[in-house]
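Me: Please take me through this model. I shall ask short questions and change topic as we go.

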Amino acid sequence: MNHIPRSLAIVGAGPRGLGLVERLVAHCLERPVPLTVHLIDPQPFGAGFHLPGQPDHLLLNTVCAQLTAFADADMVDGPVPVSGPSLHAWCRQRDLRLADDGYTVSAGEGREIRPNDFLPRRLLHAYLVWAAEQIADAAPESLTLVRHRTAALDILPGAADTETVVLADGTRIDADAVFVTVGHHTLYQPPAPASDPRLVTRPYPLPEALDGIGPGERVAVLGTGLTAMDVIATLTLGRGGTHTTGADGMRYLPSGREPSIVLTNRSGLPARSRPRLHPGRVRFAPLVLTTDRLDALRARRTEGRLHFTDDVLPLVEAEMELAYYRAMLARETDDAMSAGLELTRRCARAGHESVLAELRARFGPGPVPQILSADLSDRQWTDHDAYRDWFCAEVAGDLAAAEEGLGVSPLKEALEVLRDHRDVLRAVIDPPGVDDASLAAFFGEFAPMVNRLVIGPQLDRSAELLSLIDAGIVRLGPGPRPKVVAPAGAGPWRLESTCLAQPLRMEADHVVQAHVAEPGADRVPGSLLGTLVAAGRLRTLAHRGGTVHGLDVTRRGQGVDRTGTAQPRLFLLGPHTEGSSYYNHYVPSPGVPSRALLDAELALGTALPSLISRKR
């Protein structure tokens with residue numbers, strides 16, 4: 001396309017769609033051109049799946065200073081004429097304050113909200129809706145935004161190099177390019193009927209999804225990550241219980257309306273807490289895990305496809321070890337910057353392998369290799385008490401490191417490599433990507449491990465979990481890899497141990513599957529993406545014969561059809577492209593490059609080359 005299209009359609013006007021609009025507004029303010037943009041979403045503009053009515057105990061798992069809807073010069077390549085506050089600054093402007101319970105927010109009551117606070121999700125809804133209006137109001141007269149509060153049912157090839165979007169209200173929109181930024185299917189599509197009314201296959205929306213679980217009943221929660229923590233908070237804090245902190249630590253005061261909770265998961269491992277973020281913490285450039293090294297490794301591989309275990313994982317482990325020992329050195333000097341610069345000089349002079357050997361000899365072996373290879377499948381405990389004591393000790397040890405926080409804890413500094421250098425990991429998956437076996441290993445094993453290590457619950461949730469175990473409200477399940485046996489008739493569910501020398505059977509009246517897995521687009525018939533895949537306009541990565549079912553898209557975001565042909569006017573951005581790229585479901589952070597907005601610019605620059613050009 002060598003002209004500026006007259007009209008665009010954006011299907012899905014949540015955070016990803018908002019990012020596209022923000023970029024269009026910024027570029028049209030710099031160079032006004034006549035353009036009509038159709039925003040198609042039954043939800044309010046900007047909010048996406050961040051719902052307004054959620055109770056305050058359902059928290060974001062990103063601190064409020066790291067969330068923004070407004071671009072700055074560090075985040076994007078293009079112009080940034082529209083500025084605005086982060087979620088933290090927005091809350092401060094409204095004198096929103098945090099209560100002593102650590103989660104209730106109201107105007108004028110409680111302490112001031114701090115940059116590293118985890119806030120209720122309902123506030124992100126309010127913030128995004130407000131920010132969307134600010135950005136829309138900043139648009140020049142040449143840019144017309146037309147909102148359609150309905151769903152898109154299909155996208156058909158139109159006449160004269162256009163696309164036709166078919167809406168649920170009967171409207172048909174002809175556009176020169178269409179950008180699909182729909183969010184998570186599981187939050188909008190009705191769940192499939194459960195095989196048993198006592199089985200909750202989708203624990204959202206909360207608390208409604210759990211209303212069938214009565215006080216005192218036994219419920220097995222399968223999973224120990226963010227969703228499981230939401231479920232537990234709903235069944236405890238949401239039922240009127242409270243946590244109090246005194247000289248002897250945290251205690252849970254039950255309301256009497258709680259069920260009896262059994263918490264279990266397949267790995268047997270707890271999720272690691274998000275650490276405190278200290279102001280002024282230094283984020284260092286990678287020393288080993290660099291795109292230059294990846295490029296050199298690609299040059300040796302067939303079609304440039306990396307082998308993740310052989311090529312990339314050793315770099316990840318080395319970078320994490322260096323971060324661990326950098327923090328150990330900083331403890332000696334009380335100067336993180338000097339320790340980091342010295343480590344950089346030493347690696348440049350002697351190579352990282354030699355430096356790591358010296359550091360291991362000086363400080364002893366670090367925990368990184370054991371963390372990355374953690375596997376309890378061959379481990380056996382004598383009985384349930386031994387497993388419970390081990391699990392609680394793991395949570396308590398990690399909680400102590402999280403309390404120390406980033407910039408202080410060597411363990412958390414090592415783990416944060418997986419977040420700090422996520423763009424390098426994205427470069428691993430970006431075309432030409434990795435070989436087929438590595439693709440399955442990355443998304444089947446490595447990405448879930450990253451989520452457990454650094455995308456875990458807020459540290460308060462870990463403290464609350466230990467408090468609930470002490471109070472007897474939560475009991476750990478029968479060890480790793482429990483056998484879950486569905487009832488025959490009206491009997492209870494059974495959980496049977498497989499890793500305890502002294503076998504244990506536990507019973508439950510209800511089971512909650514507290515791990516939300518987003519299905520592939522080809523597995524949700526009737527959805528927009530499912531319709532496009534069924535028609536052959538798009539395909540998933542299942543065509544490579546593996547287990548990854550994300551949509552097949554080019555690096556520029558263009559969908560690939562069943563014949564392998566890129567669609568020139570049909571772009572897809574967001575979580576359904578996981579596999580073609582990595583980690584697409586997040587809201588941008590101020591002051592650091594934003595992959596979401598950079599991808600938006602790349603796609604818009606492909607559709608609108610005369611309007612949008614990239615600097616980098």
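**Strands, helices, pockets and cavities**

Me: In which sense do strand E12 and E20 pair, and over how many bridges?
Reply: Strand E12 (residues 218-222) pairs with E20 in the parallel sense, over four bridges. Helices (H or I, at least four residues) and strands (E, at least two) are DSSP runs numbered from the N terminus, and two strands pair if DSSP finds at least two bridges between them. The model is predicted, with local features needing pLDDT of at least 70 and side-chain atom pairs counting only at pLDDT 80 or more, while totals for chains, interfaces and linings use all residues. Residues are numbered from 1 along each chain as its sequence is written, and side-chain values use heavy atoms, with hydrogens and water left out.

Me: Which residue of E20 is the bridge partner of Leu-222?
Reply: Leu-222 has Gln-513 as its bridge partner in E20. Strand E20 (residues 510-513) also pairs with strand E11 (residues 199-200), in the parallel sense and over two bridges. There, Val-200 is partnered by Val-512 of E20.

Me: What lies in the loop between E11 and E12?
Reply: Pro-207 has its place in that loop. The peptide bond leading to Pro-207 from Leu-206 is cis, with omega near 5°.

Me: Where is Pro-432, and is the bond from Pro-431 to it cis or trans?
Reply: The bond from Pro-431 to Pro-432 is cis, with omega near 5°. Pro-432 sits in the loop between helix H12 (422-429) and helix H13 (436-454).

Me: On to hairpins. How many residues lie between E7 and E8?
Reply: Five residues separate the two strands of that hairpin. Strand E7 (residues 152-157) and strand E8 (residues 163-167) are antiparallel, with five bridges between them, and Pro-157 stands opposite Glu-163 in E8. Ala-160, in the loop between E7 and E8, has a phi near 55°, a positive value in a residue other than glycine.

Me: And through how many residues does a hairpin join E13 to E14?
Reply: Two residues link E13 to E14. Strand E14 (residues 249-253) runs antiparallel to E13, with five bridges joining them, and Thr-244 has Arg-251 of E14 as its bridge partner.

Me: Which order do strands E3, E4 and E5 take in their sheet?
Reply: The order is E4-E3-E5, in an open sheet with antiparallel pairing. Strand E4 (105-107) and strand E5 (111-112) each have a single partner strand, so one side of each is left without a neighbour in the sheet. Strand E3 (residues 96-98) pairs with E5 over two bridges, and Arg-97 is matched with Glu-112 there.

Me: Which strands are at the edges of the E17-E18-E19 sheet?
Reply: That sheet is open and antiparallel, with three strands. Its edge strands are E17 (483-485) and E19 (505-508), each pairing on one side only. Neighbouring strands are turned by 20° against each other on average, direction ignored. E17 and strand E18 (residues 493-496) pair over three bridges, with Val-484 opposite Leu-495.

Me: New topic: at what angle do H1 and H3 pack?
Reply: Helix H1 (residues 15-30) and helix H3 (residues 121-137) pack at about 20°, with their axes 10 Å apart. That makes H1 roughly parallel to H3, a term for angles under 35 degrees. Axes are lines fitted to C-alpha atoms, for helices over the stretch in contact, and angles run from 0 to 180 degrees between N-to-C directions.

Me: Which residues lie nearest the centre of the second largest pocket?
Reply: Asp-100, Asp-101, Gly-102, Arg-276 and Asp-460 do, out of 28 lining residues. The pocket's volume is about 640 Å³. Strand E13 (242-246), helix H10 (384-404) and helix H14 (459-471) each supply at least two lining residues. On a 1 Å grid over the protein atoms alone, a pocket is an open set of points with protein on both sides within 12 Å along at least five of seven lines, a cavity is a set where a 1.4 Å probe fits but cannot get out, and lining residues have an atom within 4 Å of a point. Grid points are joined across faces, edges and corners, and a volume is the space filled by probe spheres set on the points.

Me: Finally, how many cavities of 30 Å³ or more are there?
Reply: There are 11, and the largest has a volume of about 130 Å³. Among its 17 lining residues, Val-553, Thr-554, Arg-555, Ser-581 and Asp-599 are closest to the centre.

Technical notes. Angles under 35 degrees count as roughly parallel, over 145 as roughly antiparallel, 65 to 115 as roughly perpendicular and the rest as oblique.
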